[in-house]
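Visitor: I would like a close look at one part of this model. Please start from a single residue and then carry on into the rest.

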2 protein chains.
Amino acid sequence: MTSMNKKMPKIQDVARVAGVSTATVSRTLSSPDVVSAKTRDSVLAAVKATGYRVNRAARNLRTQRTGAILALVPNLGNPFFSEILQGMERTCKQSDYNLLIADTSETTPDADQLEGYFRDGQADGLIILDGSLPRDALENLQNQPSTYPSIFMCEWNPETNFHSVRSDNAHGMKMAVKHLADQGHTDIGHVRGPMTNVLSHAREGGFRKAMEALNLPVNENYVLDGDFTLEAGRMAGQELLRMDKRPTAMVCASDQIAFGLIAVLSQNNVIVPDDISVLGFDDVEMAEFFYPPLTTIRQDRDCLGRSAAKLLLERLKSRDMSEGATVTTIPVEMVVRSSTSAPAN
Amino acid sequence: MTSMNKKMPKIQDVARVAGVSTATVSRTLSSPDVVSAKTRDSVLAAVKATGYRVNRAARNLRTQRTGAILALVPNLGNPFFSEILQGMERTCKQSDYNLLIADTSETTPDADQLEGYFRDGQADGLIILDGSLPRDALENLQNQPSTYPSIFMCEWNPETNFHSVRSDNAHGMKMAVKHLADQGHTDIGHVRGPMTNVLSHAREGGFRKAMEALNLPVNENYVLDGDFTLEAGRMAGQELLRMDKRPTAMVCASDQIAFGLIAVLSQNNVIVPDDISVLGFDDVEMAEFFYPPLTTIRQDRDCLGRSAAKLLLERLKSRDMSEGATVTTIPVEMVVRSSTSAPAN
DNA sequence: CTCGCGAATGTAATCGATTACATTTCTTTG
DNA sequence: CAAAGAAATGTAATCGATTACATTCGCGAG
């Protein structure tokens, strides 16, 4: 029970104290410019005097909004995502929206559940960080009589048509490959993300294009499967260990992969970067502290988080339900540390 | 705008279709046992036929609840916390509560803000993971005419009287010290957390008691300040490097500290564990993949998250606002990996 | 067959804010 | 100074579910 024991002041009380109607109080609070300065002052004084706060449930019921946006995160445990949530949370708080978080790693929400978030009045908008949500579930959101505002962030679903905010994945890979090539590497491999994920394709595509641009052939044996996790990196590392001839450098689709990869190599006396250079993607906080410190492509998490939240909040405010899906690309930058160097010979 | 274009069925519609009153529909949904089997069936059929879903805002307004609980997290970017949120999120979802998340790293909420979460109708209960919230702000929550249900998790504030769920910190430290002593270490140091945090004291206390129990003197020069972060570990490492005679083992108050510490040592050719053993606390996912793999005290994050959520939800359900603050202690276990070994000589 | 009582159901007030529309007050200007 | 129009304020309907209280139904006992 949220209620205070005796009296939680309501708008009526404020109105009485200020000697105006409830309508005026409400207007003073929501659009101060339409009331006269005099009444505004007295209403605000009354608000302070009574300790009044609007009751959200009542407001939400009347306005048919919820004042919350929901982030669908593929895996809360992944530090990359949790660091992003920080930025989103800040932006939301500033706009008086609440940020709800749901982890989709356990159960992938279907069309019903997704629609349910809106129908149940849980959220006014969705920020989807999980590009693997099924297409029909997503399209269902748009085919509603009134579209439910949702945007993609970081990941996306290419078969659908939502606004999205993402990093410049291709350019990141290009910088990564160029950095290695500049140092003299020619046998460059790649550990990609899960093939069900667009990011994997975006990054692998960027990798291949960059290689081609530099006239470096891609050895398909050096392109390994993964899924962005530490464990995937470990498996890739074990595969490398089994090879007779290894690449001199590996570009990984995530920092986590790189960490896992390096861990296995180190444990087996393959020295990074002397024997093999490893490059990550994300620049999570750990990258700087790992041993060796990880050369990686930095995604601007804060900017991603803020941009996405801002974009969604703006659409909510303007009630712009238009179809034209925009893509906001956030630049990445390369952070050179010690996990890369010139090849041995 | 959450509304569907034409018609979002409401309880009236269901009542009409089922040929009963709205009261009966509501009862069927909230307490099925008080309606007759026959009406129950027809109501449920009508619900399905119309695709009805309760409107939360309306329900919340009427029942004076919000259906959400709020987690106050000191730092979302810290993987330890984000991994915990996963467990909480699951438990909440099962009980049809929403989980709201607020990061307190930017601004420490004061009494007003804390109270505001309830007064504004944002949450029915609080799970506080930040033990550094000011005492008066917290006490204010309890001194309300009707107490606002809040519990501590992981951290707590010893000056206040809330239920809390936490790991067995002292026992963890005892295992850590014993493990090192068993290997022959006598010069054992400690990097503690921030002195503003209870966990720091709990763990430092556990450390000292364990040392005493084994008749090992504590060299105060080997007790270093920190704050749970990678950066703190780095600074502690630099301090170690400056010492003429170093301890042969360090017990850190968190994994992050341990990582930072090891990183600096490694970069300066101090080998872990050969030259110095390092032990962490938490067992975040990275611990296994760091190089060298970190020996650490594992906190059962999932259990912590579930227990806390369950405790709060039960208190909400039973409306048990009693004062008796309980402490739920979750056991820890030691995970031995490769960052510890017998001392050099 | 009727009375009484518990079970099932219905009626309508209620939660607290917002806002369309109505009314009053203030400016402005011819 | 009056009239017209703009600005400020007030009145009351409304959002959609819950629930106290009233009513009706069903069944067994007398």
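Visitor: Where in chain A is the place of A:Pro292?

Guide: In this predicted model, A:Pro292 sits in the loop that runs between β9 and β10 (295–298) of chain A. The peptide bond leading into A:Pro292 from A:Tyr291 is cis, with omega near -5 degrees. On the other side of β9, the loop between α11 (255–267) and β9 (277–282) of chain A holds A:Pro273. The bond from A:Val272 to A:Pro273 is also cis, and its omega is near 5 degrees. Another backbone feature of chain A is found at A:Cys154, a non-glycine residue with a positive phi, near 70 degrees. A:Cys154 belongs to the loop between β4 (150–153) and β5 (163–167) of chain A.

From these loops, turn to the DNA. Strand C is surrounded by 28 residues, and the closest of them are A:Lys10, A:Ile11, A:Arg62, B:Arg27 and B:Thr39. Of the strand C atoms that come within 4 Å of the protein, 61% are sugar or phosphate. Two of the phosphate contacts involve chain A. A polar atom in the side chain of A:Tyr52 is 2.9 Å from a phosphate oxygen of strand C, and a polar backbone atom of A:Asn55 lies 3.3 Å from a phosphate oxygen of strand C. A base is also reached: an N or O atom in the side chain of B:Arg27 lies 2.7 Å from a base nitrogen of DNA strand C. The surface near strand C draws at least two residues from each of α2 (22–30) and α4 (56–63) of chain A and α2 (22–30) and α4 (56–63) of chain B. By class, this surface near strand C has ten nonpolar, eleven polar and seven charged residues.

Around DNA strand D there are 25 residues, of which A:Arg27, A:Thr39, B:Lys10, B:Ile11 and B:Arg62 come nearest. Sugar or phosphate makes up 62% of the strand D atoms within 4 Å of the protein, and bases make up the rest. Here the listed phosphate contacts come from chain B. A backbone N or O atom of B:Ile11 is 2.4 Å from a phosphate oxygen of strand D. For B:Tyr52, a polar side-chain atom is 2.9 Å from a phosphate oxygen of strand D, while B:Asn55 places a backbone N or O atom 3.3 Å from a phosphate oxygen of strand D. The surface near strand D takes at least two residues from each of α2 and α4 of chain A and α2 and α4 of chain B. Its residues divide into ten nonpolar, nine polar and six charged.

The α4 helices, which supply residues to the surface near strand C and to the surface near strand D, also pack against each other. The angle between α4(A) and α4(B) is about 145 degrees, and their axes are 8 Å apart. Their crossing is left-handed. The contact is formed by A:Ala57, A:Ala58, A:Asn60 and A:Leu61 of α4(A) with B:Ala57, B:Ala58, B:Asn60 and B:Leu61 of α4(B). In this contact of α4(A) with α4(B), six residues are nonpolar, two are polar and none is charged.

Two helix pairs within chain B remain. Helix α5 (residues 79–94) and helix α12 (residues 301–318) of chain B pack at about 45 degrees with their axes 8 Å apart, which means that α5(B) is oblique to α12(B). The crossing of α5(B) and α12(B) is right-handed. Among the residues of α5(B) in this contact are B:Phe80, B:Glu83, B:Ile84 and B:Arg90, and α12(B) contributes residues including B:Arg301, B:Asp302, B:Leu304 and B:Lys310. The contact of α5(B) with α12(B) counts seven nonpolar, four polar and six charged residues.

Helix α10 (residues 230–242) and helix α11 (residues 255–267) of chain B are set at an angle of about 45 degrees, with their axes 6 Å apart, so α10(B) is oblique to α11(B). Their crossing is right-handed. From α10(B) the contact includes B:Leu230, B:Gly233, B:Ala236 and B:Leu240, and from α11(B) it includes B:Ile257, B:Phe259, B:Gly260 and B:Val264. By class, the contact of α10(B) with α11(B) has nine nonpolar, five polar and one charged residues.

Definitions and conventions:
Residues numbered from 1 in each chain as written. Chains lettered and ligands numbered in written order. Predicted model: local features only at pLDDT ≥ 70, side-chain atom pairs only at ≥ 80, totals over all residues. Heavy atoms only, no water. Axes fitted to C-alpha atoms, helices over the stretch in contact; angles between N-to-C directions. Helix = DSSP H or I, 4+ residues; strand = E, 2+ residues; numbered from the N terminus. Parallel < 35°, antiparallel > 145°, perpendicular 65-115°, else oblique. Left-handed = near helix turned anticlockwise from the far one by under 90°. Contact = heavy atoms within 4.5 Å. Nonpolar A, V, L, I, M, F, W, Y, C, P; charged D, E, K, R; others polar. Near = heavy atom within 4 Å. Polar contact = N/O pair within 3.5 Å; in protein donor to acceptor, adjacent residues only side chain to side chain.
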